[in-house]
Amino acid sequence: MTSTSLGDQLQEQLEPSGTVLLTVECQQGVVGEESALPELATAARASGALANVARLVAAAHGADVQVMHAVAERRPDGRGANSNARLFRAAARLPVQQHRGSAAVRIAEPIEVADQDIVVRRLHGLSPVAGTDVDPLLRNLGCRTLVVTGVSANVAIPNAVFDAVNLGYTVVVPGDAIAGVPADYTPAMIRHTLALVSTVATTEEVLRCWKSPRRVTRA
């Protein structure tokens with residue numbers, strides 16, 4: 001596909017009234033300075049992915065694109081949390097826990113959360129979409145295209161993309177606004193998997209589609 005045709009396709013897909021920007025697990029306990037997963041946090045920051053998520057969120061606010069933040073958390077007593085995979089059992093032993101109401105589950109800087117943003121919190125599973133309020137909220141919002149950003153390219157991002165595609169949404173992935181570990185895994189995941197089921201773009205290409213700024217009230 002030529003750059004011109006990709007630009008036209010993106011412009012159509014990213015029409016603000018039918019688009020929602022989803023940030024995945026961009027929370028302090030995952031990508032912040034005191035992350036439970038320091039290797040992932042370093043990758044998200046060093047790659048520029050977290051900064052690009054913040055740029056996309058700011059542009060979405062300015063273009064009247066709905067922003068939704070998907071947060072993974074658990075109750076301090078662990079009720080309802082999964083324990084049926086090694087990942088869950090390891091996470092339960094980490095020194096930083098994603099406890100409901102704690103600083104760990106707040107959206108990490110430099111992302112700004114506006115009053116009109118929707119935060120969806122889940123207590124179980126791997127997917128930000130399946131088994132959460134995301135799908136009915138997207139339908140009520142008239143969403144046709146879901147822009148998926150955040151972490152990790154190893155687990156939650158492909159889960160979100162596959163689930164959204166299976167539910168009938170068009171998915172756009174800004175490849176420089178997601179991160180995983182090791183660093184070279186992310187471009188391989190994008191090229192060999194995500195590109196087969198979504199439109200892969202850059203942050204700059206998405207930003208060009210959201211040109212009309214407007215004033216928003218910050219939370």
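Which residues of helix α3 (residues 38-46) are buried? The first close-up takes up this question, and every view here comes from a predicted model.

**View A. The two sides of helix α3.** The buried residues of this helix are Leu40, Ala41, Ala43 and Ala44. They lie on the same side of α3, because the arc they cover around the axis is only 160 degrees. An α-helix has 3.6 residues a turn, so residues three or four places apart point the same way. Turn to the other side of α3 and you will find Pro38, Glu39, Thr42 and Ala46 exposed.

**View B. What packs against α3, and what follows it.** The partners of the buried α3 residues are α2 (28-31), α4 (49-63), β4 (145-151) and β6 (178-179). After α3 comes glycine 48, which has a positive phi, near 90 degrees.

**View C. Valine 173 in strand β5.** Look for this valine in the strand that spans residues 170-174. Valine 173 is buried, and its relative accessible area is 0%. Beyond its neighbours within four places in sequence, valine 173 is in contact with Val148, Val161, Ile178, Leu194, Ser198, Thr199, Val200 and Ala201. Glycine 150 sits 23 residues from valine 173 in sequence, with 9.9 Å between their C-alpha atoms.

**View D. Cysteines without a disulfide.** With a cut-off of 2.5 Å between sulfur atoms, the count of disulfides is zero. For cysteine 26, the closest cysteine sulfur belongs to cysteine 143 and is 17 Å away, too far for a bond. Cysteine 209 is in no disulfide either, as its nearest cysteine sulfur, in cysteine 143, is 15 Å away. Cysteine 26 is buried at 2% relative accessible area, and cysteine 209 is buried at 9%.

Conventions
Residues are numbered from 1 along each chain as its sequence is written. This is a predicted model: local features need pLDDT of at least 70, side-chain atom pairs count only at pLDDT 80 or more; totals for chains, interfaces and linings use all residues. Side-chain values use heavy atoms; hydrogens and water are left out. Buried means under 20% relative accessible area, exposed over 50%, partly exposed in between (1.4 Å probe, protein chains only). Helices (H or I, at least four residues) and strands (E, at least two) are DSSP runs, numbered from the N terminus. Contact means heavy atoms within 4.5 Å. The arc is that of the directions from the helix axis to the C-beta atoms.
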